[in-house]
Amino acid sequence: MNVKNCRKCGRMFNYIAGPPICPACREQIEKKFEEVKEFVRKNKTATMNEIAENCDVEKRQIEQWVREERLIFAEGSPIKLYCETCGAPILTGRYCEKCKKDQASTFGAAGRQPEAPAPLGGGNKRGGSGNKMHTFHE
Ligand SMILES: [Zn+2]
Ligand SMILES: [Zn+2]
């Protein structure tokens, strides 16, 4: 039997897989996630601070959900995420679609598909209004 201390509450629990968090805390986090997801859906222009405050959740936790691609921000959200590889603006995760594809072919990492995020209806952004942010400062 594999027993670990919960990373959140410190209690011992039977560890199975994933992050070392006990079932009680995990359930709480899931509830929180639903709350945050709902909040983000209703408040498309909420900032990270507003989400954290309104839902009483750590920003770090929100960022983790984003990296896991569970939480997706709307177009027009003030929260700006950028591809860690090429700096393109993205709405969730860590990399843009293009870099994800590149990585998939580079590492041959097949079969890792976490709850596919809804595809953003076929491709290119139409009309380039706004969104002219660049990541390099010079
Ligand atoms: Zn716990
Ligand atoms: Zn990229």
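**Helix packing and the place of Val 57**

Colleague: Among contacts between residues at least 6 apart in sequence, what share joins residues at least 24 apart?

Modeller: This is a predicted model, and the count concerns contacts in the protein between residues at least 6 apart in sequence. Of these, the share that joins residues at least 24 apart is 30%.

Colleague: In what order do the elements of the protein run from the N terminus on?

Modeller: The secondary structure of the protein comes to 4 helices and 4 strands. Read from the N terminus on, these elements run β-β-α-α-α-β-β-α.

Colleague: Is helix 1 parallel, perpendicular or oblique to helix 2?

Modeller: Two packed helices are described by the angle between their axes and the distance between the axes. Helix 1, residues 23–42, packs against helix 2 at an angle of about 130°, and the two axes are 10 Å apart. An angle over 145 degrees would count as roughly antiparallel and one of 65 to 115 degrees as roughly perpendicular. The angle therefore makes the arrangement of helix 1 to helix 2 oblique.

Colleague: How many nonpolar residues are there in the contact of helix 1 with helix 2?

Modeller: From helix 1, the residues Lys 32, Glu 35, Val 36, Phe 39 and Val 40 meet Ile 51, Asn 54 and Cys 55 of helix 2. Sorted by class, this contact has 2 charged residues, 1 polar residue and, as the number asked for, 5 nonpolar residues.

Colleague: Which helices each supply at least two residues of the largest nonpolar core?

Modeller: The largest nonpolar core has 13 residues, and those with the most contacts inside it are Val 36, Val 40, Ile 51, Ile 62, Val 66 and Leu 71. At least two residues of this core come from each of helix 1, helix 2 and helix 3.

Colleague: Is Val 57 buried, exposed or partly exposed?

Modeller: Val 57 has its place in the loop between helix 2 (48–55) and helix 3 (59–67). A residue needs 20 or more other C-beta atoms within 10 Å to be buried, and 12 or fewer to be exposed. Because Val 57 has 18 other C-beta atoms within 10 Å, it is partly exposed.

Colleague: Which residues does Val 57 touch, not counting residues up to four places away in sequence?

Modeller: Val 57 and Lys 32 are 25 residues apart in sequence, while their C-alpha atoms are 7.4 Å apart in space. Val 36, for its part, is in contact with several residues beyond its neighbours within four places, among them Val 57 and Ile 62. Seen from the loop, Val 57 touches Lys 32, Val 36, Ala 52 and Ile 62.

Note on methods. Residues are numbered from 1 along each chain as its sequence is written. Chains are lettered from A and ligands numbered from 1 in the order in which they are written. This is a predicted model: local features need pLDDT of at least 70, side-chain atom pairs count only at pLDDT 80 or more; totals for chains, interfaces and linings use all residues. Two residues are in contact if their C-beta atoms, placed from the backbone, lie within 7 Å. Axes are lines fitted to C-alpha atoms, for helices over the stretch in contact, and angles run from 0 to 180 degrees between N-to-C directions. Angles under 35 degrees count as roughly parallel, over 145 as roughly antiparallel, 65 to 115 as roughly perpendicular and the rest as oblique. Ala, Val, Leu, Ile, Met, Phe, Trp, Tyr, Cys and Pro count as nonpolar, Asp, Glu, Lys and Arg as charged, and the others, Gly among them, as polar. A nonpolar core is a set of buried Ala, Val, Leu, Ile, Met, Phe, Trp, Tyr and Cys residues joined through C-beta atoms within 7 Å.
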